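I am opening a fresh page for a structure I have not looked at before. I want to note where there is empty space, what packs together, and where the backbone does something unusual.

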Amino acid sequence: MEMQSANLKTALILATIALAFFIGVIVRHWLW
Amino acid sequence: MDAAHAHDHAHGHDDHAHHPSGLMRWITTTNHKDIGTLYLIFACTMFFVGGVLALGIRAELFQPGLQFWRPDFFNELTTMHGLIMVFGAIMPAFVGFANWQIPMMIGAPDMAFARMNNWSFWLLPPAATLLVASFFVPGGAPAAGWTIYAPLSTQMGPGMDLGIFALHIMGASSIMGSINIITTILNMRAPGMTMMKMPLFVWTWLITAYLLIAVMPVLAGAVTMVLTDRHFGTNFFNAAGGGDPVMFQHIFWFFGHPEVYIMILPAFGIISQVIPAFARKPLFGYSSMVYATASIAILSFIVWAHHMFTVGMPAAGQLFFMYATMLIAVPTGVKVFNWIATMWKGSMTFETPMLFACGFIFVFSMGGFTGLILAITPVDIQLQDTYYVVAHFHYVLVAGSLFAIFAGTYFWIPKWTGHMYDETLGKWHFWLSMIFFNVTFFPMHFLGLAGMPRRIPDYALQFADFNMVASIGAFGFGLSQLLFVIGVYKCIKGGEKAAQKPWEGADTLEWTLPSPPPYHSFETPPTVK
């Protein structure tokens, strides 16, 4: 259980980074 | 007696009862080995699809003049060859290796997210189908080059939409795969396996997965903007609407250059496992290998505009990107030095994996050197879009990535299947590949230096001889790959039984498991000292 929650935490951080890059690159060129 | 019986029963139960057989085994599997196999079969299939397209290109270029294809179809061939080889063959092949090897090498029972692993793989066949199906829609397949530069890509027919969707899906698959790999490596290593005790293949994949997380979303963003420019009235890359087509190139290459390292770092990892095993010596300079890999990955983010010297940029920009690019030669040189130093005074034998590894060092280094030449801005301005560039990146991607994939396959296939491969066939495969690879791509340096442009179906008469040689080499190379398929098929079907550790000098954890390994490896984590 402990391992699963550690895995989930790592995955969420990585997924957030990926999503930020995806949205960031579009928003950056939309606004400026 | 009872305890032994209970143990046997549990083992048998585990091995056979938990998963369906036949087709459903492969569709529903969450086992890292099954999924690794699926990735490798998929990559091999796409390698042959992309290879057929390459032979279509080389058939057309066998002689000057238009022989077989309309010029626009020729552009479709070059584009699809690139897209399929990059996204359908090389990348999935390395993910296949990661799936098979990483859990076994770090002493984990499986990947961290087994169901997501299944999903990552099963996204690929629909994506590949979309990509290949684009040949059959009005206007044909994407023909803007694998770089799908705007404004070409914003103007093409529906084939481009299929290509964009395929890239989106493959990108999602890669990101999920990377999350899985990073999580597995960070959280599921066996007790005692500190980061600096991890096998080099695991290290290179960890760094590659970070690269993927950082740049695949950027590609997804770029192609999403192309899509909205095409269909939803935006003007990201449309100069007439206030957009900037050059911006597409910047975004694309911010993805594209790290992508080059995504395709070569796992290859470095494989070579770093193979050479110590056959030199019967520990890898020379382990920690410098790790730091070199990380340095290459970091530098890969600040060199993208060397693909755009002819687009125009300030002299300061040209100098920055030129020197930053040249800097990559330093960590790469460290790696080549360490591989050679590992071999130095080793008790070397030259089985097929070692042959491919040595071939890799020799020919990949040549590709590295031509990369260094292309990094020089004034030289690049002359050689941009010539066959010199085609020669360069095929030396890196075929003799680099693909030879490493072959080295890794021959190295680990005794573990995967429990059978030894046919050594004679393997050696024939290596030598024919090595010879025909050079027959195909070495003359392209001369063609490029003489000014032959890439992505053009016709050429001036003075280029005829070298093109004929290259085309003969390409068909020879393509046919030689059938030996690989035969060798792998024979090995899966039977052959001499492989020992637990068939390679004397191999010392990573997967060699402590039987060949083939049990369905669930390392249910009890091993302890690493």
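My entries below go through the chain labelled B, topic by topic.

**Entry: the model**

I note at the outset that this is a predicted model.

**Entry: cavities**

I began with enclosed space. Rolling a probe the size of a water molecule over the atoms shows where empty space is left. How many cavities of 30 Å³ or more does the whole structure hold? My search found two.

I took the largest cavity next. Its space comes to about 110 Å³. The lining has 14 residues, and B:Met91, B:Val95, B:Met170, B:Ser173 and B:Ser174 are the closest to the centre. Three helices of chain B each give two or more residues here: α4, α8 (158–187) and α9 (200–231). I wrote down α8(B) as the largest contributor, with six residues. By type, I count 10 nonpolar and four polar residues in this lining, and no charged ones.

Then I turned to the second largest cavity. It holds about 40 Å³ of space. I listed its lining: B:Met91, B:Phe94, B:Val95, B:Ser174, B:Trp205, B:Leu212 and B:Ile262. B:Met91, B:Val95 and B:Ser174 are also among the residues closest to the centre of the largest cavity. At least two lining residues come from each of α4 and α9 of chain B. α4(B) gives the most, three residues. Six residues of this lining are nonpolar, one is polar and none is charged.

**Entry: the second largest pocket**

I moved on to open space. The second largest pocket has a volume of about 980 Å³. Of its 35 lining residues, I marked the closest to the centre: B:Thr37, B:Trp100, B:Trp416, B:Thr417 and B:Ile492. Which elements give two or more residues to this lining? They are α1 (2–17), α2 (23–28), α3 (32–60), α4 (71–106), α17 (387–417) and α19 (464–493) of chain B. α3(B) has the largest share, with nine residues. I sorted the lining by type and got 24 nonpolar, seven polar and four charged residues. So far α4 of chain B appears in my notes on this pocket and on the largest cavity.

**Entry: the nonpolar core**

In soluble globular proteins, nonpolar side chains tend to be buried together. I looked up the largest nonpolar core and found 177 residues in it. Which of them touch the most other members? They are B:Phe87, B:Trp205, B:Trp339 and B:Phe360. I had already met B:Trp205 in the lining of the second largest cavity.

I followed B:Phe360 outward, leaving out residues up to four places away in sequence. Its contacts include B:Ile264, B:Ala267, B:Phe268 and B:Ile271. B:Trp339 and B:Ser365 are on the list too. B:Ala399, B:Gly400, B:Phe403 and B:Ala404 complete it.

**Entry: helix α17**

Is α17(B) enclosed or open to the outside? I found 30 of its 31 residues buried, so the rest of the structure largely encloses it. The helix has a kink of about 40° at B:Phe411, shortly before the proline B:Pro414. B:Gly418 follows α17(B), and its phi is positive, near 85°.

**Entry: B:Asp385 and B:Arg454**

Just ahead of this helix I checked the loop between α16 (377–383) and α17 of chain B, where B:Asp385 lies. Its phi is near 60°, positive in a residue other than glycine. B:Asp385 counts as partly exposed, because its relative accessibility is 35%.

One of its partners is B:Arg454, in contact with B:Asp385, B:Thr386, B:Tyr387, B:Val389, B:Val390 and B:Phe393 once neighbours within four places in sequence are set aside. I placed B:Arg454 in the loop between α18 (423–449) and α19 of chain B. Is B:Arg454 buried or exposed? It is buried, because its relative accessible area of 15% is under the 20% cut-off.

**Entry: other backbone oddities**

I logged B:Lys345, in the loop between α14 (329–343) and α15 (352–375) of chain B. Its phi is positive, about 60°, although it is not a glycine. At 73% relative accessibility, B:Lys345 is exposed.

I also logged cis peptide bonds. One joins B:Ala150 and B:Pro151, with omega about 5°. B:Pro151 sits in the loop between α6 (124–133) and α7 (152–155) of chain B. Another joins B:Ser515 and B:Pro516, with omega about -10°. B:Pro516 belongs to the segment after α19 of chain B.

Conventions
Residues numbered from 1 in each chain as written. Chains lettered and ligands numbered in written order. Predicted model: local features only at pLDDT ≥ 70, side-chain atom pairs only at ≥ 80, totals over all residues. Heavy atoms only, no water. 1 Å grid on protein atoms, 1.4 Å probe; cavity = no way out; pocket = protein on both sides within 12 Å on 5 of 7 lines; lining within 4 Å. Points joined across faces, edges and corners; volume = space filled by probe spheres on them. Helix = DSSP H or I, 4+ residues; strand = E, 2+ residues; numbered from the N terminus. Nonpolar A, V, L, I, M, F, W, Y, C, P; charged D, E, K, R; others polar. Core = buried A, V, L, I, M, F, W, Y, C linked by side-chain atoms within 4.5 Å. Buried < 20%, exposed > 50% of the residue type's maximum accessible area, 1.4 Å probe, protein only. Contact = heavy atoms within 4.5 Å. Bend = angle between axes of the 7 residues up to and from the residue.
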